[in-house]
Structures are given as structure tokens and as C-alpha cells.
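Here is a report on the packing and the internal spaces of one protein. Please keep the sequence and the structure open while you read.

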Amino acid sequence: MGATILSDLLTELLIPVAAVVGIAFALVQWVVVSKVKLSTEREANGAGHNKNGYSDYLIEEEEGINDHNVVVKCAEIQNAISEGATSFLFTEYQYVGVFMAVFAVLIFVFLGSVEGFSMKSRPCTYSKDKTCKPALANAIFSTVAFLLGAVTSVVSGFLGMKIATYANARTTLEARKGVGKAFITAFRSGAVMGFLLAANGLLVLYISINLFKLYYGDDWEGLFEAITGYGLGGSSMALFGRVGGGIYTKAADVGADLVGKVERNIPEDDPRNPAVIADNVGDNVGDIAGMGSDLFGSYAESSCAALVVASISSFGINHELTAMLYPLLISSMGIIVCLLTTLFATDFFEIKAVKEIEPALKKQLIISTVLMTGGIAIVSWIALPSSFTIFNFGVQKTVTKWELFFCVAIGLWAGLVIGFVTEYYTSNAYSPVQDVADSCRTGAATNVIFGLALGYKSVIIPIFAIAVGIFVSFSFAAMYGIAVAALGMLSTIATGLAIDAYGPISDNAGGIAEMAGMSHRIRERTDALDAAGNTTAAIGKGFAIGSAALVSLALFGAFVSRASISTVDVLTPKVFIGLLVGAMLPYWFSAMTMKSVGSAALKMVEEVRRQFNTIPGLMEGTAKPDYATCVKISTDASIKEMIPPGALVMLTPLIVGILFGVETLSGVLAGSLVSGVQVAISASNTGGAWDNAKKYIEAGASEHARTLGPKGSDAHKAAVIGDTIGDPLKDTSGPSLNILIKLMAVESLVFAPFFATHGGILFKLL
């Protein structure tokens with residue numbers, strides 16, 4: 001077997017150091033962004049320049065205008081967006097807090113009752129000759145881990161939103177000095193969120209493991225079983241963040257577009273549109289806070305799945321700490337690699353033209369993947385013994401360190417493939433989106449048909465990439481291989497999130513430029529930033545869905561092992577009925593979220609129409625719209641509507657496990673994974689393609705695009721309708737589905753001891 005090169009002491013030092021470096025780097029980026037002033041007072045020392053090219057006083061417009069009113073307006077709009085987002089998240093967290101408390105009690109009661117709340121030690125599940133800590137201890141620590149994961153997830157989302165609302169107006173002001181300056185401000189702000197989230201997730205998990213170890217001692221099986229609660233907490237908060245935020249942002253977006261653009265023929269983000277502030281708030285609560293919690297949940301779960309399987313393999317049995325913490329060392333290396341990658345965008349290369357924006361963001365993905373491959377090789381070399389055994393459904397499989405390296409690497413590269421395929425199908429630089437735009441000449445119906453076809457077709461290559469990843473990693477290292485492949489895909493999460501958060505920040509910057517009445521040239525620059533951001537957001541969603549598929553399969557494997565199921569036989573009726581019901585769940589869930597957006601948008605459209613019809617001087621720009629009412633409609637609708645889809649996901653595993661038992665539940669998990677991934681990819685890509693087809697016509701950058709435009713033409717109106725249909729697909733249903741498949745799997749794993757002991761009541765009665 002052989003020892004590892006890296007000592008246990010050094011491992012315990014390197015992980016927290018990497019996390020602290022990540023947090024420090026995020027703070028440095030934040031300080032640089034904060035040097036862009038949002039006030040109109042001149043500094044005492046005049047307009048000095050520092051070495052980063054940031055001037056202390058940024059009112060000098062390159063066109064020679066020095067307009068204080070613009071800065072005041074930008075600051076006011078930023079304030080309104082920030083306040084709207086903060087008040088929505090606080091309202092959401094109050095409801096989610098109640099759910100958290102109730103679910104924590106459920107975890108404690110269900111897991112404590114496995115052995116009748118006894119405090120006696122018990123034989124271990126996998127090594128019957130050893131004694132493990134009592135079931136009641138597992139119940140207490142799982143509950144604590146759940147609360148820790150939930151709080152970390154909420155904090156991740158909230159911090160991301162705060163950073164985005166801090167940076168949006170600063171990006172707008174920087175756009176007056178050129179597209180390069182605006183890009184760097186938006187990207188740095190995205191990096192703050194990416195690094196804070198990756199580092200916090202790693203640090204809290206590492207501290208939790210060490211604190212739990214004080215009680216568990218040598219019982220690593222019990223320790224890492226309790227840690228799975230961390231993943232459950234992270235993902236359950238992400239579900240409400242994604243669904244609630246998604247309903248909020250799309251209700252406002254659809255309402256603003258349908259009345260503003262289609263009926264009243266006014267530009268996007270026009271200050272006369274009553275829903276415009278709600279729309280910009282929505283970008284922050286849905287695309288930033290929701291997405292942050294979502295990717296944190298994926299990271300927490302893939303780490304937990306890997307740790308659970310490792311704890312019953314030779315790493316856990318022989319108490320090899322360095323090898324046991326291999327998943328955390330991969331994440332630590334990821335933070336360092338992403339730090340170097342970020343410097344390529346902010347310090348090594350400068351963007352001078354609009355056409356360089358999208359390549360710069362794509363280079364981030366390629367550079368981080370190439371560097372991370374080397375990073376994984378180093379970690380595998382120093383942190384793993386030359387060969388070891390991995391638990392594989394009851395038997396131990398011998399694996400070498402380089403086989404495990406391939407598992408992580410294939411996950412990492414599969415992520416890149418999914419990212420680039422997503423980009424091909426959603427960027428208006430390629431033929432699929434241009435074909436969708438072209439179909440708008442004959443109206444909205446053909447646009448919808450082409451868009452749906454594009455979404456279904458875009459599923460093919462990502463599914464093959466995931467399938468190859470699963471086959472190779474399982475062949476090398478069983479379920480542990482799949483868990484670390486998921487971790488490989490998420491190892492560059494800091495860069496992925498930076499690119500992802502960049503999109504909504506640029507979108508907001510464009511909105512602020514329009515509302516503050518800035519010149520057409522500034523709006524063109526922010527639109528260019530936003531178009532690139534749209535594509536990268538689609539790439540981010542591709543990553544999230546791909547990693548969710550791998551994570552939920554790894555969790556499924558851990559659940560099957562933990563529930564002592566020897567094989568999952570599809571031909572047994574118990575399992576097959578579960579498969580059918582599981583495959584139906586993503587459709588039920590999507591129906592709920594789509595209808596929620598539709599009914600909230602209906603209220604929004606009525607309110608916007610009412611204001612245009614009843615407020616004299618609103619269309620002429622002499623009267624101000626009532627933004628607050630629209631913000632309230634979105635808030636109330638999303639809080640009310642997020643509860644049923646959330647309940648569906650959280651209660652299904654409990655009801656199935658208790659009434660029908662672990663075999664039927666294993667069928668439900670497999671079914672929801674297989675159908676959920678397909679629906680999620682097609683929904684996200686269809687919506688992204690429709691959005692960029694509309695932007696392609698609006699930009700009029702090519703001869704073909706100019707024949708379809710300009711804004712307000714019939715083809716453009718058809719494109720706006722397609723975009724409006726795609727909004728709930730790409731920003732509500734699609735991204736929430738990846739949480740559905742992960743969350744049901746991790747919840748089943750946490751409750752597996754209870755289901756194995758007391759589950760299947762109905763079949764016991766028959």
C-alpha cells in the first residue's frame with residue numbers, strides 16, 4: 001500500500017492556508033473595485049492616478065463631459081437596486097429559517113429513533129467487529145452539520161448579492177473610460193464572489209470535520225456519515241434561493257418586456273418602465289444569490305459523497321488522514337489555480353476592444369482547466385499511497401493513485417466539454433442561434449419551434465460527456481471515482497463563479513446606464529459586456545447541471561451502500577415503479593415553477609399597464625413611475641410560490657422512504673437523475689438561445705442581423721416573445737432542476753439509516 005509523501009501535519013496546515021489565501025485574494029479584489037468612487041466630491045489632492053490605472057476621481061468622461069448628475073443618478077439607482085435585493089433576501093431568509101428549524105428537528109427525530117434514542121455504542125455498519133458511536137450521536141451531529149451547511153449557503157448567496165449590487169454602478173461609470181476598464185471592474189467583482197464562496201465552503205467543512213473529530217475519535221465511519229448533513233443543508237437553502245430568486249427575476253423581466261418593449265415600444269431598462277427596478281433587483285437575487293448557493297451546494301455534496309465512500313475504504317479503515325482529505329486538498333489546489341487564472345484576465349492581458357471580451361472569458365476556462373490538470377497530478381502524487389482499496393458495494397477494489405488522478409481529470413475535462421458545447425448552442429457567434437434569429441422573419445411561432453429543437457439537440461454531446469466520465473471513473477475507482485470526478489468538475493469553481501457573476505453585474509450596469517440617461521456609446525459598451533455575460537451564464541449553468549449529474553450519482557451510490565441494498569434490480573416491480581415516478585418528478589417540478597412565473601408575470605403586466613394608463617406624463621418622461629409596487633409584487637409572488645416546489649422536492653424522499661422503502665426510493669432517485677439532467681440542459685439552452693437571438697437582432701453587427709432588425713421590427717418583436725418564453729426556462733426551471741436531483745439524493749443518504757430500519761411500511765403491511 002505504501003505511505004503518502006505529504007505528512008498529516010502538513011495536510012492539516014495546507015487546507016486552511018489555501019482557504020485563507022482565497023479569502024484574502026477576494027478582499028484585495030474588493031478593495032481595488034472600491035477605488036472607483038460613487039460620489040461627486042473631488043478628492044483634496046485632485047485627480048490622481050495610481051498604478052492600477054484607477055483614477056481617484058472618475059467623472060472625466062472621455063467625450064469631455066464632466067456630468068455630476070450622471071454620478072448622482074447612478075448612485076441613486078444602485079441604492080434602489082441594493083435595497084430591493086436586501087429586503088427580498090431578508091424576507092426569503094425568514095421563511096427559509098422556519099423551514100431550517102423544522103427540518104433540523106426532523107433529522108434529529110428520524111435519525112435518533114433508529115436505535116430508540118439509545119446512547120449505547122453499536123457495531124459499525126461496515127466493520128461489524130468494531131464498535132461505533134451511538135445512533136443518537138449521529139442524529140445530533142448530522143443536525144449540527146445540516147445547520148452549518150444551511151448557514152454557509154445563505155451567507156454565500158447574501159455576500160454575492162451584496163458584492164454585485166456594490167459593483168454594478170461602478171462598472172457603468174468605468175464604461176465611460178472604455179470597455180476594457182468596465183470589463184475588469186465587473187470581472188474583479190465576480191472574482192470576489194467566486195473566491196469567497198469557494199474558500200468559505202472549504203474552510204467551514206474543514207473546521208466541522210476537525211470539531212466533530214474531537215467527539216468521534218477513531219470512528220471515522222460515523223464522523224463522515226454525520227458530515228453528509230453539511231451537503232443537505234447547503235442544497236436545501238440553494239433550492240429555495242434558486243426557485244424564489246428565479247420566480248422573482250423572471251416575473252419582473254417578463255412583465256417589463258411584454259409591456260415595455262412589445263406594447264409601448266420603449267427600450268430595455270427605460271426608466272419610464274415601472275418594472276425596471278424589480279427587473280434589475282431580480283438579476284441579483286436569482287442569478288447571483290441563487291446561483292452562489294447552488295454551486296456551493298454542489299461543492300459541499302461532492303465533497304461529502306467522496307468522504308463517505310473514503311471513510312469505509314482503506315483510507316478510513318487504516319486512518320490515513322492525508323489520503324482521507326484528498327477531496328479537500330483538490331479543492332485547496334483549485335483555489336490556488338483559480339487565483340493564478342484570474343490574474344491572466346485582470347493583470348497580464350488588457351482588453352482593448354469589444355470583440356476581445358468573450359475570448360477573454362473563454363480563456364479563463366481553458367487556462368484554469370489546463371493548470372488544474374497539473375495541480376491534480378501533484379495532489380495525487382503527494383497525497384495518495386501508491387495503491388489502496390476503495391469500497392465497491394460490499395467488496396474492496398484495489399486502485400492506484402494514477403487511476404484516481406484520471407477520475408478527477410476526466411471530470412474536469414468533461415466540464416470543459418459541456419461548457420463549450422453549451423457556448424456553441426447559446427452564443428450568437430455560431431450558426432444555431434443565428435438560425436433561431438433567422439426564423440423570426442416568419443413570426444414568433446417558427447422562432448419557438450426552432451428554439452425548442454435547438455434545446456433538445458444541445459443535450460446530445462453533454463450527455464455523452466457525462467456518460468464517458470461516469471464509465472471511466474467507475475471502472476477505475478467505483479463510486480469514489482464518480483464522486484471525485486464531480487469534484488474535478490467543480491475544482492475550478494472560483495473561476496466558474498467569477499465568470500458567472502460577471503454576467504448579471506454587466507446586465508445591471510447596462511440597466512443603470514439606460515436609467516441614468518448616459519450616451520448611446522456607453523450603452524453599446526455595456527451591451528457588449530452583457531452579451532458575453534449571457535453566454536458565460538449559459539456555460540455556468542452547463543457546469544452546474546453536469547456536476548449535479550455526477551454528484552447525485554455518487555450520492556446515490558453512497559445511499560445504496562448505506563441502506564445495505566446489494567443490487568438495484570430494475571425488473572423488480574418495487575424498483576420499476578420508483579423509476580417511473582422519479583422520471584416524472586422533474587416535469588411536475590418544472591410545471592410548478594413555470595406556472596409560478598406565469599402567474600406572477602400576469603400580475604406584473606397588469607400593474608405596469610395600469611401605471612402607463614393612469615399616471616399622466618409617464619410616457620412623456622415628465623412623471624415618475626411607482627417602482628415600489630412592482631418590487632412588492634415580485635417579492636410577494638416569489639415567497640408564496642417557492643413553497644410548493646420546495647415541499648415537493650424535500651418531502652418526496654421522506655414519503656417514498658417511509659411508505660415504500662429503500663428499494664423503491666433507489667428507483668425514484670435513478671429516475672429523477674436520468675430525466676432531470678435532460679430536461680435541465682434543454683431548458684437552459686433553449687432559453688439562452690432565444691435570449692441571444694434577440695440580442696443578435698438588436699446589435700445588428702452583421703449584414704444578416706441588419707436584414708432582421710432594427711429594434712421594433714416584426715422579426716425583433718417575434719424574438720422578444722421567444723426570449724420572454726425562454727426566461728423561466730433558463731433562469732427558473734432549468735437551473736432549479738439540478739438542485740432537485742442532488743437534493744433528493746443527499747437527503748436520502750442522510751435519512752438512509754432510518755429508512756433501512758423503519759422504512760417500507762406499506763410493503764410490510766401487504
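## Nonpolar cores

The model is predicted. Its largest nonpolar core has 231 residues, and those that touch the most other members are Phe 183, Tyr 326, Ile 357, Tyr 480 and Phe 559. Helix H4, residues 179-216, gives the most to this core: 21 residues.

Take Phe 559 from that list. Leaving aside its neighbours within four places in sequence, Phe 559 is in contact with Ile 565, Val 662, Leu 665, Ser 666, Leu 669, Ser 748, Leu 749 and Ala 752. Another core lies apart from the largest one. That other core has 19 residues, among them Val 421, Leu 454, Ala 683 and Ala 718.

## Cavities

How many cavities of 30 Å³ or more does the model hold? The count comes to 10. The largest cavity holds about 400 Å³ of space. It is lined by 32 residues, and the closest to its centre are Asp 287, Asp 507, Asn 534, Asp 691 and Lys 730. Six elements give two or more residues each to this lining: helix H5 (220-263), helix H6 (276-311), helix H15 (493-515), helix H16 (520-562), helix H20 (662-699) and helix H22 (714-758). By class, the lining of the largest cavity has 20 charged, eight polar and four nonpolar residues.

The second largest cavity holds about 140 Å³. Its lining has 14 residues, with Thr 492, Gly 496, Leu 497, Gly 540 and Phe 543 the closest to the centre. H15 and H16 each supply at least two residues of this lining. H15 gives the most, with five residues. What is the make-up of the lining of the second largest cavity by class? It has nine nonpolar, four polar and one charged residues.

## The largest pocket

The largest pocket holds about 1,100 Å³ of space. Its lining has 39 residues, and Val 354, Asp 527, Ala 528, Ala 531 and Ala 699 are the closest to its centre.

Which helices each supply at least two residues of the lining of the largest pocket? They are helix H10 (357-383), H15, H16 and H20. H16 gives the most, with 10 residues. The lining of the largest pocket divides into 16 charged, 14 nonpolar and nine polar residues.

## Helix H18

Helix H18 covers residues 627-641, 15 in number. From its first C-alpha to its last, H18 reaches 21 Å, close to the 21 Å expected at 1.5 Å a residue.

Which residues of H18 are buried? They are Cys 630, Val 631, Ile 633, Ser 634, Thr 635, Ala 637, Ser 638, Ile 639 and Glu 641. An α-helix has 3.6 residues a turn, so residues three or four places apart point the same way. The buried residues of H18 pack against helix H2 (68-112), H5, H6, helix H17 (573-614) and helix H19 (643-660).

## Phe 108

Phe 108 is found in helix H2. Is Phe 108 buried or partly exposed, and why? Phe 108 counts as partly exposed because its relative accessibility is 31%, and partly exposed covers the range between under 20% and over 50%.

Leaving aside its neighbours within four places in sequence, Phe 108 is in contact with Phe 117, Leu 136, Ala 139, Ile 140 and Thr 143. Phe 108 and Asn 138 are 30 residues apart in sequence. In space, C-alpha to C-alpha, Phe 108 and Asn 138 are 8.6 Å apart.

Definitions and conventions: Residues are numbered from 1 along each chain as its sequence is written. This is a predicted model: local features need pLDDT of at least 70, side-chain atom pairs count only at pLDDT 80 or more; totals for chains, interfaces and linings use all residues. Side-chain values use heavy atoms; hydrogens and water are left out. On a 1 Å grid over the protein atoms alone, a cavity is a set of points where a 1.4 Å probe fits but cannot get out, and a pocket is an open set with protein on both sides within 12 Å along at least five of seven lines; lining residues have an atom within 4 Å of a point. Grid points are joined across faces, edges and corners, and a volume is the space filled by probe spheres set on the points. Helices (H or I, at least four residues) and strands (E, at least two) are DSSP runs, numbered from the N terminus. Ala, Val, Leu, Ile, Met, Phe, Trp, Tyr, Cys and Pro count as nonpolar, Asp, Glu, Lys and Arg as charged, and the others, Gly among them, as polar. A nonpolar core is a set of buried Ala, Val, Leu, Ile, Met, Phe, Trp, Tyr and Cys residues joined through side-chain atoms within 4.5 Å. Buried means under 20% relative accessible area, exposed over 50%, partly exposed in between (1.4 Å probe, protein chains only). Contact means heavy atoms within 4.5 Å. The expected span of a helix is 1.5 Å times one less than its number of residues.
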